[in-house]
Amino acid sequence: MKKYFNVTGVCIPQYHYMIDISEKVNKIKKLVDQGEYFVINRARQYGKTTTLTALKHRLDTDYSVFLISFEGIEEEAFASADLFCRRVFALLYDTLCFGEVDGIPTSVKEELGNLSSDQDKKLDFRKLTEMLVKICQSAVKPVVLMIDEVDQASSHSSFITFLGCLRDMYLKRISRPAIRSVILAGVYDIKNLKLKIRADEERASNSPWNIAAKFDVDMSFSVDEIAGMLEEYERDHHLGINIKDIAGLLFEYTGGYPYLVSELCKIMDEELEKQERFKEEKKIWTKQGVLEAVKILLNETNPLFESLTGKLNDYPELKRIVYRILFEGQSVGYNPDDFAINIARMFGFVKVEQGVVKIANRIFETRL
């Protein structure tokens, strides 16, 4: 099968041209080995799901890894403790049914299945905790729980209570069986979940997830990492690409934002050949080709750009700080306690360089 550049869903090495993220995965594994609970919060389309998938494969030898996702869960599942616990049990049960987790006894699998489907038995968070303890107690290997797309749940009090259960397990793990490591992934920083479930005037940043270890793995793509992906493409196509220059140019426009790098490469690989001046494939992977791809990207509608616009409308503070930087030319110093700066970083709008807040990349700067 011919490889291609992927900008939707999980990137798979056998099918897609992609960055070698093994070094990033190894750094995350160290946190797991230390028994840390943490959150991978990065902006939209920043490679979170791909990273979790690669991490699971890396951990499977030493751990029983449950990788579940809250994406697509209906609102009703969060309406009560019973419905929420039942859905969590169903998600865990599905991973066992599809053979995605090993080292878990059949009896535990059957109990999860019964709990998720028995409508006559009312469930609560005490039962949820008991079942998680039983899973850890009976597992052959230490248990790791990874939950993707937690933003889907973050506006619901049932999820906050669930975090409290995990926190309680963490605090008692010296004397009781507990999940070795819990990893949550989403756009919102879990410590800011209360921002989403309280009225604006009651904003607070306290959260049951104050046990979380710091996650500082750089998930953006470096020039060398982009070059590595282009080297693989060159081996397949033999175009004589000046890899160093093109990788540097891609980084210059994207700042290493994963989606933007892949989208530009996808445009160059699949769309530029339709233009007369790029009929010869060798002309595509040049400075002129990159600039044309940037032009096409800036004039298209995609979920990332729609998200940027939506966030500006949702958060007036965010809109003001972007306006100050782009239109008033102000130099905004980084203040870790500034709400607007924090959400701007969380959504990927800005980066901090030498204590100064800047728009994250040239493409965002132009589009905004």
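For a protein of 368 residues, a compact globule would have a radius of gyration near 21 Å; the value here is 23 Å, which agrees with that expectation. The model is a predicted one. Measured out along the principal axes, the box filled by the C-alpha atoms is roughly 65 × 50 × 35 Å.

Within this outline, the secondary structure consists of 15 helices and nine strands. Of the contacts between residues at least 6 apart in sequence, 71% join residues that are at least 24 apart. Buried residues account for 51% of the 368.

The interior can be followed through its nonpolar cores. The largest has 82 residues, and within this core Trp 285 and Leu 318 touch the most other members. Helix α10, spanning residues 258-270, is the element that gives the most to this core, contributing seven residues. Apart from this core lies another, made up of 47 residues, including Val 39, Cys 85, Val 101 and Ile 211.

Leu 318 deserves a look of its own. Leaving aside residues up to four places away in sequence, Leu 318 touches Lys 311, Leu 312, Ile 343, Ala 344, Phe 347 and Phe 349.

Turning to the outside, the accessible surface comes to about 17,900 Å², and carbon and sulfur atoms hold 46% of that area. As for charge, the protein carries 50 positive and 56 negative charges, and the mean positions of the two sets are 3 Å apart.

Key. Residues are numbered from 1 along each chain as its sequence is written. This is a predicted model: local features need pLDDT of at least 70, side-chain atom pairs count only at pLDDT 80 or more; totals for chains, interfaces and linings use all residues. Side-chain values use heavy atoms; hydrogens and water are left out. Helices (H or I, at least four residues) and strands (E, at least two) are DSSP runs, numbered from the N terminus. The radius of gyration is taken over C-alpha atoms; the globule rule is 2.2 Å times the number of residues to the power 0.38. Buried means under 20% relative accessible area, exposed over 50%, partly exposed in between (1.4 Å probe, protein chains only). Contact means heavy atoms within 4.5 Å. Accessible areas come from the Shrake-Rupley method with a 1.4 Å probe; for residues, only the protein chains shown count as cover. Lys and Arg count as positive and Asp and Glu as negative; His and the chain ends are not counted. The place of a charge is taken as NZ of Lys, CZ of Arg, CG of Asp or CD of Glu. A nonpolar core is a set of buried Ala, Val, Leu, Ile, Met, Phe, Trp, Tyr and Cys residues joined through side-chain atoms within 4.5 Å.
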